[in-house]
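The following exercises concern a protein chain and the DNA strands beside it. Each task is followed by a solution in steps.

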Amino acid sequence: MSTTSYERIWSVVRRIPRGRVATYGQIARIAGLPPQARMVGYALHALPDDIASSVPWQRVINAQGRISLRAFAGSEAVQRKRLEREGVKFDAKARVDLERFGWKAGTEMRARSSRSTR
DNA sequence: CCGGTGACGCGCG
DNA sequence: GCGCGCGCCACCG
């Protein structure tokens with residue numbers, strides 16, 4: 001049916017708050033899929049351009065806190081820029097601190113004084 | 001129907 | 001902390 005796992009995955013991705021990032025494995029888990037993080041990547045790969053604008057795909061990165069490379073060169077720079085525009089910081093190794101920017105699904109807990117944003 | 005591939009994750013050295 | 005290799009599943013030719 002149209003009720004593919006893709007729709008489910010995209011739905012979860014839409015729930016990621018601005019300025020936050022989630023890992024493929026996390027999305028897979030929330031979407032009700034097993035440790036099949038690969039499926040999430042596949043779903044995003046198959047993400048139609050017409051609805052790509054309604055799905056914050058840039059907020060999905062791998063468990064290492066890094067942007068997964070796609071077929072097209074330069075795609076990493078595009079995604080990084082979009083995330084930085086939301087306030088997500090990257091370190092010298094092009095990695096995001098998941099402890100600070102990782103999305104805590106369902107807990108929305110306001111990190112008290114997690115300053116140190118520098 | 002079969003084999004290769006891929007926006008990944010995790011264990012091991 | 002980093003790099004390498006294997007495992008899982010759906011899609012494509």
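The model is predicted: local features need pLDDT of at least 70, side-chain atom pairs count only at pLDDT 80 or more, and totals for chains, interfaces and linings use all residues. Residues are numbered from 1 along each chain as its sequence is written, chains are lettered from A and ligands numbered from 1 in the order in which they are written, and side-chain values use heavy atoms, with hydrogens and water left out.

**Exercise 1. The fold of chain A**

Task: State how many helices and strands chain A has, and give the order of its elements.

Solution.
- Step 1. Helices (H or I, at least four residues) and strands (E, at least two) are DSSP runs, numbered from the N terminus.
- Step 2. On this basis chain A has 6 helices and 2 strands.
- Step 3. Read from the N terminus, the order is α-β-α-α-α-β-α-α.
- Step 4. Of the 118 residues in chain A, 32% are buried; buried denotes under 20% relative accessible area, exposed over 50%, and partly exposed in between (1.4 Å probe, protein chains only).

**Exercise 2. The two sides of helix H3**

Task: Determine which residues of H3 are buried and which exposed residues its opposite face carries.

Solution.
- Step 1. The buried residues in H3 are Val-40, Ala-43 and Leu-44.
- Step 2. Viewed down the axis of H3, the buried residues fall within an arc of 95 degrees, so they line one face of the helix. The arc is that of the directions from the helix axis to the C-beta atoms.
- Step 3. The cover over these buried residues includes helix H1 (5-14), H2 and strand S2 (60-61).
- Step 4. On the face turned away from the buried side, H3 carries the exposed residues Arg-38, Tyr-42 and His-45.

**Exercise 3. The surface near DNA strand B**

Task: Describe the residues that surround DNA strand B and identify the element that gives the most to this surface.

Solution.
- Step 1. A residue is near a molecule or strand if one of its heavy atoms lies within 4 Å of it.
- Step 2. DNA strand B is surrounded by 16 residues, the closest being Arg-38, Gly-41, Leu-44, His-45 and Ala-63. Of the atoms of DNA strand B that come within 4 Å of the protein, sugar and phosphate account for 40%.
- Step 3. Helix H2 (24-30) and helix H3 (37-45) each supply at least two residues of this surface; H3 gives the most, with 6 residues.
- Step 4. A polar contact is a pair of N or O atoms within 3.5 Å. A base nitrogen of DNA strand B lies 2.5 Å from an N or O atom in the side chain of Arg-38, and a base nitrogen is 3.5 Å from a polar backbone atom of Gly-41.
- Step 5. A polar backbone atom of Tyr-24 is 3.4 Å from a phosphate oxygen of DNA strand B.

**Exercise 4. The surface near DNA strand C**

Task: List the residues around DNA strand C and assign polar contacts to parts of the strand.

Solution.
- Step 1. The residues around DNA strand C are Tyr-6, Gln-36, Arg-38, Met-39, Tyr-42, Lys-93 and Arg-95.
- Step 2. H3 gives the most to this surface, with 3 residues.
- Step 3. Sugar or phosphate holds 79% of the atoms of DNA strand C within 4 Å of the protein, and bases hold the rest.
- Step 4. For the bases, a nitrogen is 3.0 Å from an N or O atom in the side chain of Arg-38.
- Step 5. For the backbone of the strand, a sugar or linking oxygen is 3.1 Å from an N or O atom in the side chain of Gln-36, and a phosphate oxygen is 3.0 Å from a polar side-chain atom of Arg-95.

Conventions: A polar contact is a pair of N or O atoms within 3.5 Å; within protein, one must be able to donate a hydrogen and the other to accept it, and residues adjacent in sequence count only if both atoms are side-chain atoms. Contact means heavy atoms within 4.5 Å.
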